[in-house]
Structure formats: C-alpha cells, structure tokens
Amino acid sequence: MMGRLQGKKAVILGAASKDNMGQTVARLFAQEGAEVMVAGRKEGPLRELADEIGGHYALCDITSHAEVHALAETAAAKMGRVDAAVNTSGWGLLANLLEITEEQLDQIVDLQFKGVHHFLQAFVKQMVSQTPSGGSLISLSSATTHAVIGNHAAYIGTKAGSEALIRCVANDFGQYGIKANTVSPAFTESPMTSDSFKVPGLVDAFLPRYPLGRLNTSEDVAHACLWLCSDEAFVTGQNIQPNGGLTLRGNPQAADLERSIGAAMAKLQGEG
C-alpha cells in the first residue's frame, strides 16, 4: 500500500530537539512516503534524524531572513521541489504582561511572528516558481489563541499574528495551488513542556477541560499535519484543532491551577 505522501517532498522546520513535535511530524511524513528535509539550529539531532528516516537536514534559524530563504532554495535544489513545508518552532514563554522585558518581547516577536513571515515568504516564493506550482504550508500555533490562559500575552499575541499571516497567504496564493493552514495543539507533553509535567496536580487541572478525556499527543498533531499535506485535504486558511475539544471548555485559569496544585501538594505532604 502506498503512503499518503508518496512521492512528495517535505521540509520540517523546528526538528532539532530529540523527540520534539517537529521530529514526530518528520518521522510520520517519512513513513507515509515523503522525502523529508529536517531543519533547525542544532546539527547533531538533525543529522541523527535525517539518517534515521533516510532524508536530509539543514541548519536554519527561523529568525534569520537569509537562513530561511536559503533553506527553501536548498530543499528545492536537493529534492527537486517542495510540496509541503511545516513550521513547528515556538517558545512557550510564561511571562506576566507587567514583568516581561523588552528583550523577551523582541525574542518572541522575532521567533513567532517575524520568523513565520520569513517562513511563509520563502516557501510561497518556491511553491509559486516550481512546475507545477503549489504545495501545502503549515505553521503550528496554539489552542491558547482561542482558549486564553494566564501570563501568556506575548505568546498568544504572536501566535495569533502568525494565524493571520496564514489566512492572508491562503487568500492571496490559493490561485497557485498553495494551501496554507494552522494546526493548534493544546498542553502537550514534549521536551519543551517536560518541567511542567513534573508539577504535582498541574495535569489534573487540565484534564477535565478535554471532552475526549485526555491531553493531545505530538502524534495527534502530526496526523493533522499529514492530512493537511495530503491530496485528501481540500482545505485552506483554516485553524485545525487536534486537541480533543479543549476550545469548547477553555483552559484552566489561575485559581483552578492553584486549587489543583495545592490539593496535590497537600496529598503528598499527608502521605509523607
């Protein structure tokens, strides 16, 4: 049986940390028949993953206009074209609006807004120029843009901005056969969130918010990306939410988190 991406050429940006979401997406795409180039800032994990999946790797910092455009050109030169490009990079900045520094604000704007603009500009340019034109673009966002959580204003604001960029690309470049969509995970266990999962009671505060009864996994997100990059998805300009319905109930707020963590800590102290 042929894979759902058989013969397609894909770039996954943000795949430079072991077993992160980008790596999960890259493995699934390769399993489904795509030739894959993984990219990010750390050569060791990228080379290891490229060897594992029989693909390619390239160093790229999404905050650099020159590096992102070079990535698109390198990918097309090595693979012949680019049929899918997925940006999985992000920074889960937890910062109170009154305390965030200007340096932090600049960093998250560069990564989660300007970086997404670089990514879209570079790969739209490539997908318009190739014959036949077209392809699928995805940038990961977050359920928090629809289910607000405390102390994430800069994070949510830049993610929401990136969603607007995706809609504009979908509107302006659909005529070239280019699909552009957002995929929005919720609270996902990953290398980026591993410390959060160690806090007693934290996960317990989130679980009741998911109608399907569990947190989403990286695999859930990867399968949403797979579908959007397949020929089956006649979809563009949309924000796909593979997070078990969190946006129906919303994220827990500060008081909910305090209660859940407090109860878990009290239980641990009682057992001790």
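Which residues are buried in α1? Keep that question in mind while we walk through this predicted model; we will come to the helix after a look at the strands beside it.

**Stop 1: strand β1**

Select residues 9–13, which form strand β1. Five of these five residues are buried, so the strand is largely enclosed by the rest of the structure. Now show the side chains. K9, V11 and L13 point one way, while A10 and I12 point the other way. This fits a general pattern: in a regular strand the side chains alternate between the two faces of the sheet.

**Stop 2: the neighbours of β1**

Add residues 35–40, strand β2. β1 and β2 pair in the parallel sense, over five bridges. To find one of the pairings, click on I12 and then on V38, its bridge partner in β2.

Next, add residues 84–87, strand β4. β4 also runs parallel to β1, and four bridges join them. Here you can pick out A10, which stands opposite A84 of β4. As a reminder from the textbook, strands of a sheet pair through backbone hydrogen bonds, either parallel or antiparallel.

**Stop 3: the whole sheet**

Zoom out and colour the strands. In what order do the seven strands of the open sheet lie? Reading across, you meet β3-β2-β1-β4-β5-β6-β7, with parallel pairing. At the edges stand β3 (56–59) and β7 (239–240). Each has a single partner strand, so one side of each is left without a neighbour in the sheet.

**Stop 4: helix α1**

Select residues 21–31, helix α1. Together with β1 and β2, this helix makes a right-handed β-α-β unit. α1 packs on the sheet, where it touches β1, β2, β4 and β5. The direction of α1 makes about 170° with that of β1.

Now for the opening question. The buried residues of α1 are M21, G22, Q23, T24, V25, A26, R27, L28 and F29. That is nine of its 11 residues, and the helix is mostly covered. What do these buried residues pack against? Their partners are β1, β2, α2, β4, β5 (135–140) and α7 (218–229).

**Stop 5: α1 beside α2**

Add residues 43–53, helix α2. The axes of α1 and α2 come within 10 Å and cross at roughly 20°. Because of that angle, α1 counts as roughly parallel to α2. To see who makes the contact, show Q23, A26, R27 and A30 on the α1 side, then P45, L49, E52 and I53 on the α2 side. The spacing along each helix has a general background: an α-helix has 3.6 residues a turn, so residues three or four places apart point the same way. The crossing of α1 past α2 is right-handed.

**Stop 6: helix α4 and a cis bond**

Select residues 102–129 to see helix α4. This helix lies across β1, β4, β5 and β6 (178–183), and runs at about 175° to β5.

Follow the chain on into the loop between α4 and β5, where you will find P132. The peptide bond joining T131 and P132 is cis, with omega about -5°. For background, most residues other than glycine have a negative phi, and most peptide bonds are trans.

**Stop 7: two positive phi angles**

Go to D19, in the loop between β1 and α1. D19 is not a glycine, yet its phi is positive, about 60°. With 40% relative accessibility, D19 counts as partly exposed.

Then jump to N151, in the loop between β5 and α5 (153–173). N151 also has a positive phi of about 60° although it is not a glycine. At 42% relative accessibility, N151 counts as partly exposed.

**Stop 8: E163**

Finish in helix α5, where E163 is found. Is E163 buried or exposed? Its relative accessibility is 7%, so E163 counts as buried. Leaving aside residues up to four places away in sequence, E163 touches S141, S142, T145, H146, T182, S184 and N239. For a last exercise, use the distance tool from E163 to I108: they are 55 residues apart in sequence, and 15 Å apart in space from C-alpha to C-alpha.

Terms used
Residues are numbered from 1 along each chain as its sequence is written. This is a predicted model: local features need pLDDT of at least 70, side-chain atom pairs count only at pLDDT 80 or more; totals for chains, interfaces and linings use all residues. Side-chain values use heavy atoms; hydrogens and water are left out. Buried means under 20% relative accessible area, exposed over 50%, partly exposed in between (1.4 Å probe, protein chains only). Two strands pair if DSSP finds at least two bridges between them. A crossover is right-handed if, with the strands pointing away from the viewer, the path from the first strand over the helix to the second runs clockwise. Axes are lines fitted to C-alpha atoms, for helices over the stretch in contact, and angles run from 0 to 180 degrees between N-to-C directions. Angles under 35 degrees count as roughly parallel, over 145 as roughly antiparallel, 65 to 115 as roughly perpendicular and the rest as oblique. A crossing is left-handed if the near helix is turned anticlockwise from the far one by less than a right angle, and right-handed if clockwise. Contact means heavy atoms within 4.5 Å.
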